[in-house]
Amino acid sequence: MGSLSNGDVLGQEFTDHVVRAMGPETTPRMRTVMTALIQHVHDFAREVNLTTEEWLAGVAMLNWAGQMSNDKRNEGQLVCDVIGLESLVDDITYREASKADKPPTSSAILGPFWRADAPIRENGTTITFNTPKDAVVAYMHGQVTSAETGKPLANATVDVWQASTNGLYEQQDDDQIDCNLRGKFVTDAEGRYSFYCLRPTPYPIPFDGPAGKLLKLMDRHEYRPAHIHLIVESEGHRSLTTQIFDKDSKYLEDDSVFAVKDGLTVEFKPRKGDTQAEWDLEYNVTLAKKQ
Ligand code: BEZ
Ligand code: FE
């Protein structure tokens, strides 16, 4: 490291010195990622003249996120979400697939409330077991096809989850039964799936931790537009993680976690002749072939 002349802020020479401190056993990918990260973090600190007090406030926020996180809450992810990082990374990850001649359904962020152990349910059954008085039931159905061939994909899994009208997912809410508003459906020979769910409503992301504090400091609200989450998987195809958004919902333009994309807004239509549901939603999914 070169010596500093009086009054100078540590410059590029210092940054290069920190980058060069990495040893020969570092993997090439780690070297690429850490070199860029160190460079950008140093440039950021210089650009904003970051003070010790401000840096310590940032460190405290990171520590707070860690302390708040457990198997039901991922605060680190939430902090990334409110600055758009999960959405950006999702877009980078799936950009190649969506450039194909016949692009598959667009992806969107996973979010922190997916559960790996959701039960498999029969097509035509329901995921709403504690239907609140203010909820409206919808029948969601559609077909899963291959983007490459256009043919239906039988035995595909459609894993869905949504929040209740109080804005809570079942793992956040003692008043909902285990795995309420979530389930996995397996497509039939024509690639079709179907189930009853709630017409989704907007909800606030948890804002009692550092993500909420950050939103407040940036003078932003915590709401997400009404949406349903999906993960669709079929053998030989790329797994799709996405969300669909009610086109009539509030907050489509200012989702607190920046997940809304063109092509992911859907229209709920009145459902006739079904005493179990007021609304009908047809949603078809196309999957890209695995490379
Ligand atoms: C969600 O949609 O479940 C979600 C996504 C990002 C942050 C919080 C919640
Ligand atoms: Fe959600």
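**Close-ups of ligand 1, its cavity and an open pocket**

The space taken by ligand 1 is the largest cavity. The views below come from a predicted model, and they start with that spot before moving on to the largest pocket.

**View 1. Who sits around ligand 1?** Helix H4 (75-82) and strand S8 (227-233) are the elements that each give two or more residues to the shell around ligand 1. In total, 13 residues surround the ligand. Look for Asp81, Tyr203, Arg224, His227 and His229, which are the closest ones. Sorted by class, this shell holds 8 nonpolar, 3 polar and 2 charged residues.

**View 2. Polar contacts to ligand 1.** Zoom in on three side chains here. Arginine 224 has a side-chain N or O atom 2.5 Å from an oxygen atom of ligand 1. For tyrosine 203, the distance from a side-chain N or O atom to an oxygen atom of the ligand is 2.8 Å. Histidine 227 joins in too, with a polar side-chain atom 3.0 Å from an oxygen atom of ligand 1. How much of the ligand does the protein cover? The answer is 100% of the 260 Å² of accessible area that ligand 1 has on its own.

**View 3. The cavity with the ligand taken out of the picture.** The count comes to 1 cavity of 30 Å³ or more. The largest cavity has a volume of about 100 Å³, and 14 residues line it. Nearest its centre you'll find Gly111, Pro112, Tyr203, Ile205 and Arg224. As for the make-up of this lining, 9 residues are nonpolar, 3 are polar and 2 are charged. Two names should ring a bell: Tyr203 and Arg224 are also listed among the residues closest to ligand 1.

**View 4. Over to the largest pocket.** This one has a volume of about 700 Å³. It is lined by 20 residues, and Phe44, Trp55, Gly58, Val59 and Leu62 are the closest to its centre. The lining divides into 16 nonpolar, 3 polar and 1 charged.

**View 5. The helices that build the pocket lining.** Which helix supplies the largest share of the lining of the largest pocket? That would be H3, with 7 residues. Helix H2 (28-48), helix H3 (52-68) and H4 each put in at least two residues. H4 may look familiar, as that helix also gives two or more residues to the shell around ligand 1.

Terms used:
Residues numbered from 1 in each chain as written. Chains lettered and ligands numbered in written order. Predicted model: local features only at pLDDT ≥ 70, side-chain atom pairs only at ≥ 80, totals over all residues. Heavy atoms only, no water. Near = heavy atom within 4 Å. Polar contact = N/O pair within 3.5 Å; in protein donor to acceptor, adjacent residues only side chain to side chain. Areas by Shrake-Rupley, 256 points an atom, 1.4 Å probe, with all protein chains shown as cover. 1 Å grid on protein atoms, 1.4 Å probe; cavity = no way out; pocket = protein on both sides within 12 Å on 5 of 7 lines; lining within 4 Å. Sits in = over half its atoms within 2 Å of the grid points. Helix = DSSP H or I, 4+ residues; strand = E, 2+ residues; numbered from the N terminus. Nonpolar A, V, L, I, M, F, W, Y, C, P; charged D, E, K, R; others polar. Points joined across faces, edges and corners; volume = space filled by probe spheres on them.
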